[in-house]
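Here is a short tour for anyone who likes to check annotations against geometry. We begin with annotated positions and then turn to one helix.

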Amino acid sequence: RTYRICTLPGDGIGPEIIAEAKKVLAAVGARHDVEFVCTDQLIGGAAIDATTEAGGPVSALPDTTLEAARASDAVLLAAVGGPKWTNTNAGAIRPEQGLLAIRKELGLYLNLRPVRMFRALVGASSLKPELLEGVDLLIVRELTGGLYFGAHEREWGVEGAGGNGARGEFARDTMEYSEYEVERVVRWACQAASRRRGRVCSVDKANVLETSRMWREVAHAVGAEFPEVTIEDMYVDNASMQLVANPAQFDVLVTENTFGDILSDEASMLTGSLGMLASASLGDGVALYEPSHGSAPDIAGRGIANPIAQVLSVELMLRYSLGMDEAADELSAAVTRVLDEGWRTVDIADELTAADRVLGTSAMGDKIVEALG
Ligand code: NAI
Ligand code: MG
């Protein structure tokens, strides 16, 4: 069968790493008798330049890109942004607007951040190796509700709840969730856990917050639909501690927007390198897969960027949009094998790495394809 993939190279190292993702996809397709038709579309600075050249309207997300994304089976994005588009006057369109717009237009309400420790890289982390052995967790973050999307207000001359009677400026952010918003995210987390190690840790602050008390009730009601999954609750302050004290205990963590923002950044530092982390944003339709890092303008065009985060975003796409779990497992095993054999890009090389094992972007892509067999 055929899958249509909307590829968005974007800016900086984007075109270099997405080329490797396509190489890997072609190899996966050959093994599984599937054809991936990848079509490049413009986003970010590249789109700003192209639409400017065409005489406008200037856009970081042209309609043609959005239409192609909607008509595809999945969207694979590299990264956007760079110094070229930051020093312009106020009101100028910025590359990052393209990203925000596509997330919004595709209705992506859930963000996934897998954090997996590749055993070959354990020594390169600043945390104790014995803590990192076996770390393989998935953070599921609600992305369109909660504190970030409630009312944000300022008032003058009111007395705050925690005040001492003084009247002055007052600010209020509102955390709101509907049962439905919680349900769809927790259900997704339970489904993911049932294909993993069967454990969901639902993170909240139910000792203080009403939204968290509802979150907890809904989480258990949804969890009851999945007899093969165990649901455990954890307060967010404890979870942030457990993530560094004993990260291997976690399988799937599910949480609301703000907690998820903070915990996923914390967790991403467990494994060390930005060049190794992928993420996915999902909704009810087409999903978006991307590396967690940016466009790395400092190394763009030099052929030394690490393509692994982008390749791991392909793994997520195979698993969560295309239902190709076996191919996803093979791809993850191929990356593990390449690292076990000592192959590195410069960003993940250390003093123990043999000089002849340090590869450029394209050679690393070739190694992964070779390891796929
Ligand atoms: P960055 O993630 O692009 O780079 C941070 C550092 O990590 C740099 O030294 C870079 O060389 C290195 N790095 C990143 N990815 C790498 C890879 N695959 N291989 C080897 N080294 C890698 O973050 P920075 O420098 O803060 O932002 C650069 C541009 O990217 C900015 O315009 C920013 O707005 C944009 N950005 C875009 C994102 C996206 O498209 N989702 C996310 C974050 C930043
Ligand atoms: Mg963040």
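Two residues are in contact if their C-beta atoms, placed from the backbone, lie within 7 Å. With that cut-off, and leaving aside neighbours within four places in sequence, Arg 103 is in contact with Leu 108, Ser 281 and Leu 288. Please keep in mind that this is a predicted model.

Why look at Arg 103? An unreviewed UniProt entry gives the annotation "binding site" to Arg 103, Arg 113, Arg 141 and Asp 237. These positions span 135 residues in sequence and the farthest two C-alpha atoms are 28.9 Å apart, so they do not all gather at one spot.

Two of the annotated arginines can be set side by side:

| Residue | Element | C-beta neighbours inside 10 Å | Class |
|---|---|---|---|
| Arg 103 | helix α4 (residues 95–105) | 18 | partly exposed |
| Arg 141 | strand β5 (residues 136–142) | 27 | buried |

A residue counts as buried if 20 or more other C-beta atoms lie within 10 Å of its own. Not counting residues up to four places away in sequence, Arg 141 touches Asn 111, Thr 255, Asn 257, Gly 260, Asp 261 and Ser 264.

Now to helix α11, which runs over residues 325–340. Its 16 residues reach 22 Å from first C-alpha to last, close to the 22 Å expected at 1.5 Å a residue. Which residues of α11 are buried? Among them are Ala 327, Leu 331, Val 335 and Val 338. The cover over the buried residues of α11 includes α1 (14–32), α10 (308–320) and α12 (361–372). Just after α11, Gly 342 takes a positive phi of about 95°.

Conventions. Residues are numbered from 1 along each chain as its sequence is written. Chains are lettered from A and ligands numbered from 1 in the order in which they are written. This is a predicted model: local features need pLDDT of at least 70, side-chain atom pairs count only at pLDDT 80 or more; totals for chains, interfaces and linings use all residues. UniProt positions are given in the numbering used here, feature names are shortened, and annotations may be inferred rather than shown by experiment. Helices (H or I, at least four residues) and strands (E, at least two) are DSSP runs, numbered from the N terminus. A residue is buried if 20 or more other C-beta atoms lie within 10 Å of its own, exposed if 12 or fewer, and partly exposed in between; C-beta atoms are placed from the backbone. The expected span of a helix is 1.5 Å times one less than its number of residues.
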